[in-house]
Amino acid sequence: MELKPIGDRVVIKKAEAEKTTQSGIVLPESAQEKPVYAEVVAISEDILNDEKKKDSLSVGDKVIYSQYAGTEVKLDDTDYIVVKYVDILAVVK
């Protein structure tokens, strides 16, 4: 299956939470921080057709998004989040 966002929405795939610290200490799940960065999987046609927005985001970009934004969706055993364009805070280069 494929997710195709509509309106001003973007589909992102969450990054994995860090399971160890830089010094090698293994963190239990309760101590792991929820990641707020993800990879862009799909962009709606409305965003791609908007002259101001179309060049700011592309599929494969790593982004930082608002922590409590979007709707979580599980498709083919993969977790995705559908967020509004305005909930994407930055592109990581």
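Visitor: What does Tyr37 count as in terms of relative accessibility?

Guide: Tyr37 counts as partly exposed, because its relative accessibility is 37%. The cut-offs are under 20% relative accessible area for buried and over 50% for exposed, with partly exposed in between (1.4 Å probe, protein chains only). Before you read on, bear in mind that this is a predicted model, where local features need pLDDT of at least 70 and side-chain atom pairs count only at pLDDT 80 or more, while totals for chains, interfaces and linings use all residues. Residues are numbered from 1 along each chain as its sequence is written, and side-chain values use heavy atoms, leaving out hydrogens and water.

Visitor: Which residues make the nonpolar surface patch with Tyr37?

Guide: Ile64, Leu89 and Val92 join Tyr37 there, and the patch comes to about 350 Å². A patch takes residues with over 30% relative accessible area and no salt bridge, joining like charges within 9 Å and nonpolar side chains (Val, Leu, Ile, Met, Phe, Trp, Tyr) within 5 Å. The areas come from the Shrake-Rupley method with a 1.4 Å probe, and for residues only the protein chains shown count as cover. For the whole protein, about 6,700 Å² is exposed, and carbon and sulfur atoms supply 49% of it. Buried residues make up 26% of the 93 residues.

Visitor: How many helices and strands does the protein have?

Guide: One helix and six strands. Helices (H or I, at least four residues) and strands (E, at least two) are DSSP runs, numbered from the N terminus. Read from that end, the elements go β-β-α-β-β-β-β. Tyr37 sits in β2, which spans residues 37–43.

Visitor: In what order do the six strands lie in the sheet?

Guide: In general, strands of a sheet pair through backbone hydrogen bonds, either parallel or antiparallel. Two strands count as paired if DSSP finds at least two bridges between them. Here the open sheet has the order β4-β5-β1-β2-β3-β6, with antiparallel pairing. Its edges are β4 and β6, each pairing on one side only. Neighbouring strands are turned by 40° against each other on average, ignoring direction. Those axes are lines fitted to C-alpha atoms (for helices over the stretch in contact), with angles from 0 to 180 degrees between N-to-C directions.

Visitor: Which residue stands opposite Ile12 in β2?

Guide: Val40 does. Strand β1 (residues 9–14) pairs with β2 over five bridges, in the antiparallel sense. Moving on, β2 and β3 share three antiparallel bridges, with Ala38 opposite Val63 of β3. Then β3 meets β6 (residues 88–92) through four bridges, again antiparallel, and Tyr65 has Ile88 in β6 as its bridge partner.

Visitor: Which side chains of β3 point to the buried face?

Guide: Val63 and Tyr65 do, while Lys62 and Ile64 point to the other face and are not buried. That is the alternation to look for along residues 62–65. Ile64 is also a member of the nonpolar patch.

Visitor: What happens in the hairpin of β4 and β5?

Guide: The hairpin has two residues between its strands, and Asp76 takes a positive phi near 55°. Antiparallel strands β4 (residues 71–75) and β5 (residues 78–84) are joined by five bridges, and Glu72 faces Ile81 in β5.

Visitor: How many salt bridges does a search of the whole structure find?

Guide: Four. The test is a side-chain nitrogen of Lys or Arg within 4 Å of a carboxyl oxygen of Asp or Glu. One of them joins Glu39 and Lys62 at 3.3 Å, N to O. Glu39 lies in β2 and Lys62 in β3, so this pair ties together parts 23 residues apart in sequence. Both ends are partly exposed, Glu39 at 32% relative accessibility and Lys62 at 43%. Another pairs Arg9 with Asp8 (3.7 Å, N to O), and a further one pairs Lys54 with Glu51 (3.6 Å, N to O). Lys54 is partly exposed at 32%, whereas Glu51 counts as exposed at 60%.

Visitor: What share of the contacts with a separation of 6 or more comes from residues 24 or more positions apart?

Guide: They account for 61%, where contact means heavy atoms within 4.5 Å.
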